[in-house]
Structures are given as structure tokens and as C-alpha cells.
Amino acid sequence: MIFGQEEEAQIYLKKQNTNWEEFVKNIEQEYNVRFFYNTDSIPNINISVEKDSILLEQMLSEVFSGCGVHVSKDNNGNYFLFKEFTLQTDINEIFFKPPEPENEPKLNGAIDLKTNGSSNEFLKTYKELISDNLIIGSGSPGNSKNKVRVSGIVFNAGDGTPIGQARMLIPEINRNFITGTSGNFEMDVLPGNYTLIVNSMGMFEKTFKLTVLSGGEVNIPLQVKSFLLDETVVTAERNQNVGTTTMGFEKITAKTIKELPVVLGEKDVVKMVLLLPGVQTVGEISSGFNVRGSPSDQNMFYINDLPIYNSSHLFGLFTTFNSDAIGEFKFYKNSIPVEYGGQLSSIFDIDVKKGNSKYFSALAGVGPTSVRALVEGPLKKDLSSYLVSFRSSYSDWLLNQVDNLDVKNSAASFQDALMDFSFQLNKNNKLGLFFYWSHDYADLAFGIENEYSNLGSDIKWTHTFNKKLSGELNFATSRYSYEEANYEVEYLANQHSFDLMHNELKLNFRYNIGKGHNVQLGLNSKLIQLNNGDFLPLNDQSTVMPLTFESEQSAGNSIFGGYTWDVSSRLTFDAGMRATLYSYLGPKTVYSYMENAPKDVENITDTTFYGNNEIINNYQNLDFSFSGKFEITNDFSIKASFSRAHQYTFMLS
């Protein structure tokens, strides 16, 4: 309801010299009047009154006559300022005329809202009423022509977790901003008044009246939606792909994971990748993927920056990642980010959900083949949290219920677990600890017994130097082990085992230069150790000759840098470069063979022994990538990219 003046009164202005925003505020407080206008249509002007005798209407006409702004007034003390048109009295009455009593007869042509009326028959206002105000900085914006920086975090109002990839729109300047993976954002705008619209998948959209006086920080809460998503969210995801330079990129959020179809009681996020173009499975009852025809060893899985060398349970039937614990899943099959190196085909990057920092919660489920449980909660409310997940199969018990003796005597089981701890040390420092384990055992009456496992941990320290510069220091160690016993033919029965150790250190800096320029710099160091094990007879009846394989190890060191240039709101360029030094290390025995002869023992001409960590050979290469995007409309853009990469470690099947 809007209350106006009961009768028209003349308003004479006092002597004053102030800006337009302060002028409107003072007039509305002192007199019973209201001003209605679109912020971006009013120029940034000063109001100067030299004497007390001028009328408000006269002053407004004189000030805005040269700006193309028309001033309209109704009988209730409401002033309307619009470009290119003037409001008429009958339109004002639609807005401000009191409703007629229900028991009074309606005039001919009146609209009955209860029967045949429609909201489309009324003139809609330019903007909806915004109840929430955000005031950044202090002082007065004045006539400043210099942009200031506004930064902050978008977070879940329910549990305090940051919301990554949230979209922030300022319609007055037609600018979009996207939050980072930790919910942080930065925007450079001129001081003034704006409308800020914030939304994210699975959250209610929120609109704020944003007043920027100077640079500052603000934290924005969003509420979780309690109903199913509709098609507008899909459109938002499409627009996000249109608006970035990245090609061949797919992202699956926690909300989408909940909507995945269930197979044997499990939501398999990795299996969903098979529905994407260019991705095919290696084969039935087998692990691995062919991305655009490349072998499966040219793909790499990361979970919280921890490398995983076998991502499947029971030879590909299930993934080793509990979907309840996954916060976000990103898949790169082109334009691989510069911080990743050493893989030719694709990167599977999984981020685990951060534990609830406000209250304890638990989740459990039982499927046809497995049980799973997840607990999370705060270690110290709002400052630290934990998340623990465990999953185990009971397929051994199911196999024992089958009458067929081959099946009854078989065994198949798997387990996996993870723990994630997050600590907000202070305003500028975060610490994360992550632990992961998975285990598989299978003896399916084929005469082959298999056992393999993943074990690893990761520690990450994130430091914010200032509003423009941040850095991450990350150390990960991962071990994959495999054992096989083949007893299908008794006299050929054998056993073999091996394990692979992967240690990786990564330092990454991100610097926002400003005015659409962003720089990323870092270094990466890997040490990979492969224990090839021994090929041995399984029992006394076996005639297999024992073989001993030498261990291998390598070190890879690289420096990388990336640069993003937002030329305009529609044109963006992205470039990256990675210089790599790969060293093949001892201990190793290297044989030289006779030229143009088979590599048999009889043709060995020389033998060289390399000690532990002694360099056998070095390989230097330069990887680079370029990509660009031109956004023709909000729903259509043109992209192009080119990249070159090197891979040094391969798998022999």
C-alpha cells in the first residue's frame, strides 16, 4: 500500500548544494512525496539551489530538460522520471487509486480480478521491490570516475559452505561475474547504485540493491531450494558454457548427482561420462575409458588433487567414489587447464564435499550389493569441519546363496573410504587434509584371483595475500598396488604383484591484475616409483620359471603459467604454457644391442649400470594452449582452441 498526500501542496526548496541521491533522500524524508525512476537513466548531477523561492516542479524541469528526462507528477505527491515518455493521469490512477469496496457495484468496463481479470491487463513496474540492501564501503560516491574493487564470498545460508560457480549479474552495466570454487568473487565497478542478482544451481535466486561507496568486502548468503529444479537451471548451465573459453568441458554438481539414475543401488557419476560425446568404455566388465579414441592410460583421475590409478570396483561394474561424498565432478577432454600436465587425452577432477561447519548430520543407505554411510559436522563451529564416508559390498554373501557350485565358491568384494578435514585458520589462511582408501578382491571361479587397492593422502594450504593475489601449496602421495594369482592350469600356476608410488608437490598463484587481466603462475614436481615385482610359481606343482623385474622411477619438474584477457564482455582470450623436464632415474641396468639385430641376449654388446637416483636420460618439452571466445548473443558464441601436450608414463596391458 502506498500513502500519498491528501491534497496537492506546493513545495518550495531551500538553499542547498548536493548530489542527486542525497537530494532525493532529503526531500522524501522532509515532505510526504516519493520519486520513481530507473537508476541508470539519471545522470550523475549536482543539485544547486541559490534561493528559497523556487518550486520543486520548476527545479526538476530545469535540471532534466536538457537530459531527455520527462518529469511527471500525480495528485498524491509521486514524481516519475522517465526517458522518452511521460506518464499520464489515468496510468497514475491505476497504480495509486484505492481499491473499491467489494459490496459496491462496479462501473462498466471495470476488471473483476476474481473472475475474468488477468495480471497481464495491468501495467507492470520496471523493477520489483527490492527489500535487501548491500552497502559497500563508506563515504559518498560523488563524481568518482575510478573503479573500485568489491570482493567477498557467496555461501550456503544453511550450513555455511561456500558456493562455487555462482552467477552474479549487474543489469545496469550488463556484467556477469562467476564465483570461484571456494565461493569467492571480485568485481571492479564505478561507485554508485546497482541491482545485484545472485543465483546458483539448487539455490533460490536473490536480488539486492547494491550501493557502492568505495571498495570493500561483503558475504552473500543463498537459501537452498526445497523443490526440484526446472528447465531454467539447464539454460543457466548452457549460458555458462557459452560464456567461457573452455571447450570439451563438463561439470556435474552435487544437485545433479542426486538426480542420477541408480544402477544396482549405486549412483555412478563416472558411468555418466559414457553418455557424453567422444567417450566410450573399453569393454564389458572392464575398467577405463577411451576418450576420442585415445587409450585409457591417457586419462587421469584426481580426487581432491590426489591421483587415482584405478577408479573402478569389480573390473568396472562400480566406481571407487561414493557419490554421496562428491561435491562436484569436472571432466576436461579439451583445453585442459595449465596446472594439469602429463596426460594427453582427458582429466577427471573430483572435488569432495566440505563437511557441514554448523551442525552434525549423517546419511546411510543399503543397496542390492552394498551398504554406505556418511557423517559430517563441525570440529569448531563455523571454523572447521570434517566429513567421513565408508562403503562396502556384501556380494560374497549373495554369491553363497546361489546353487551353482562355481558361483557359490566364488568371491567378490570391495570397500572404499575417505576422510576430509577443513580448517579456517584465520581470515587469510585455510588448511585442508584428505585421506582416501579403496580395496578390491575377486576370485570368480575363472582360475584367476585378483586383489588391488588405492591408498593416498593430500594436504592443501590456501593463503590470500590480498584482494588480488592468492596462492595454494599442495602435496599429495598416492600408492596403487596389484596382486594376481593364476591357477587355471595347475602346472602353469603363477603369481605376480607390483605397486606404484606417486608423490606430487604443486605451488599455484593466481593474480588479478584488474581491468579484465588475470595471471596464473606455478610449479609442479612429481616423483613416480614403480616396483615391477617378481613373476613366481604359485605352488610346488607349477613349472613356471621365476623372473625378477627391476624397479623403475622418474622425476618430472615443470613451470607453468596462464593468462586470461577479457577484452570486453563478449570477447575473451586464454593462453597457457608449461615447460617440463622429465628425468628417467636409476637404479637400472641398460643394455646396448648390436645394430639392426633383434634385442636378444646373444646380441648384447654393452651393459651400463645406473645407481639409485642417477639420471639415465632427460627429456625437455614445451606444452602450450590457446583458446578464445566471442559471444555473439547471450545464447550463442564462437570458440576456438589449440593445444600441445606430452605424456611420459604409459601402461602396458
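**Figure 1. Thr18 faces Ile47 across a strand pair.** In this predicted model, Thr18 stands opposite Ile47 of strand E3. The two strands involved are E1, residues 16-19, and E3. They run antiparallel and are joined by four bridges. Strand E3 covers residues 46-49, and its side chains alternate. Ile47 and Val49 point to one face and are buried. Asn46 and Ser48 point to the other face and are not buried. Ile47 thus appears twice in this view: as the residue opposite Thr18, and as one of the buried side chains of E3.

**Figure 2. A mixed, open sheet of five strands runs from E6 to E9.** The strand order is E6-E12-E11-E8-E9. Pairing in this sheet is mixed. Strand E6 (133-136) and strand E9 (175-178) are the edges, and each pairs on one side only. On average, neighbouring strands are turned by 25° against each other, direction ignored. Within the sheet, look at strand E8, residues 167-170, beside strand E11, residues 192-199. Their pairing is antiparallel and spans three bridges. Arg167 has Asn199 of E11 as its bridge partner. In general, the strands of a sheet pair through backbone hydrogen bonds, in either the parallel or the antiparallel sense.

**Figure 3. A second open sheet of five strands includes a parallel pair.** Here the order is E14-E21-E22-E17-E18, and the pairing is mixed. The edge positions belong to strand E14 (249-253) and strand E18 (306-308), each of which pairs on one side only. Neighbouring strands are turned by 20° against each other on average, direction ignored. Strand E17 (residues 299-303) pairs with strand E22 (residues 346-352) in the parallel sense. Five bridges hold this pairing. One residue pair to find is Met300 and its bridge partner in E22, Ile347.

**Figure 4. Asp305 and Ser335 have positive phi values in loops.** Asp305 lies in the loop between E17 and E18. Its phi is near 70°, a positive value in a residue other than glycine. Asp305 counts as buried because its relative accessibility is 15%, and buried means under 20%. Ser335 is in another loop, between strand E21 (326-332) and E22. The phi of Ser335 is near 50°, again positive in a residue other than glycine. Ser335 is also buried, at 17% relative accessibility. Most residues other than glycine have a negative phi.

**Figure 5. Asp305 helps line the largest cavity.** The structure holds two cavities of 30 Å³ or more. The largest has a volume of about 40 Å³. Its lining residues are Tyr302, Asp305, Tyr340, Asn474, Glu504 and Lys506. By class, two of them are nonpolar, one is polar and three are charged. Asp305, the loop residue of the previous view, lies between E17 and E18.

**Figure 6. Nine residues line the second largest cavity.** This cavity has a volume of about 30 Å³. Tyr302, Glu339, Tyr340, Gly341, Glu504, Lys506, Asn524, Lys526 and Arg578 make up the lining. Strand E30 (494-514) and strand E31 (517-531) each supply at least two of these residues. The lining divides into two nonpolar, two polar and five charged residues. Tyr302, Tyr340, Glu504 and Lys506 line both the largest and the second largest cavity.

**Figure 7. A cis peptide bond precedes a buried lysine.** Gly586 and Pro587 are joined by a cis peptide bond, with omega about 10°. Most peptide bonds are trans. Pro587 sits in the loop between strand E35 (571-585) and E36. Lys588 belongs to strand E36, residues 588-593. Is Lys588 buried or exposed? Lys588 is buried, because its relative accessible area is 18% and the limit for buried is under 20%. Leaving out residues up to four places away in sequence, Lys588 touches Glu550, Ser551, Glu552, Thr608, Phe609, Tyr610 and Ile616.

**Figure 8. The close-ups belong to one chain of 653 residues.** The protein chain has seven helices and 39 strands. Buried residues make up 39% of its 653 residues. Among contacts with a separation of 6 or more, 61% are between residues 24 or more positions apart.

Note on methods. Residues numbered from 1 in each chain as written. Predicted model: local features only at pLDDT ≥ 70, side-chain atom pairs only at ≥ 80, totals over all residues. Heavy atoms only, no water. Pairing = 2+ DSSP bridges. Axes fitted to C-alpha atoms, helices over the stretch in contact; angles between N-to-C directions. 1 Å grid on protein atoms, 1.4 Å probe; cavity = no way out; pocket = protein on both sides within 12 Å on 5 of 7 lines; lining within 4 Å. Points joined across faces, edges and corners; volume = space filled by probe spheres on them. Nonpolar A, V, L, I, M, F, W, Y, C, P; charged D, E, K, R; others polar. Buried < 20%, exposed > 50% of the residue type's maximum accessible area, 1.4 Å probe, protein only. Contact = heavy atoms within 4.5 Å.
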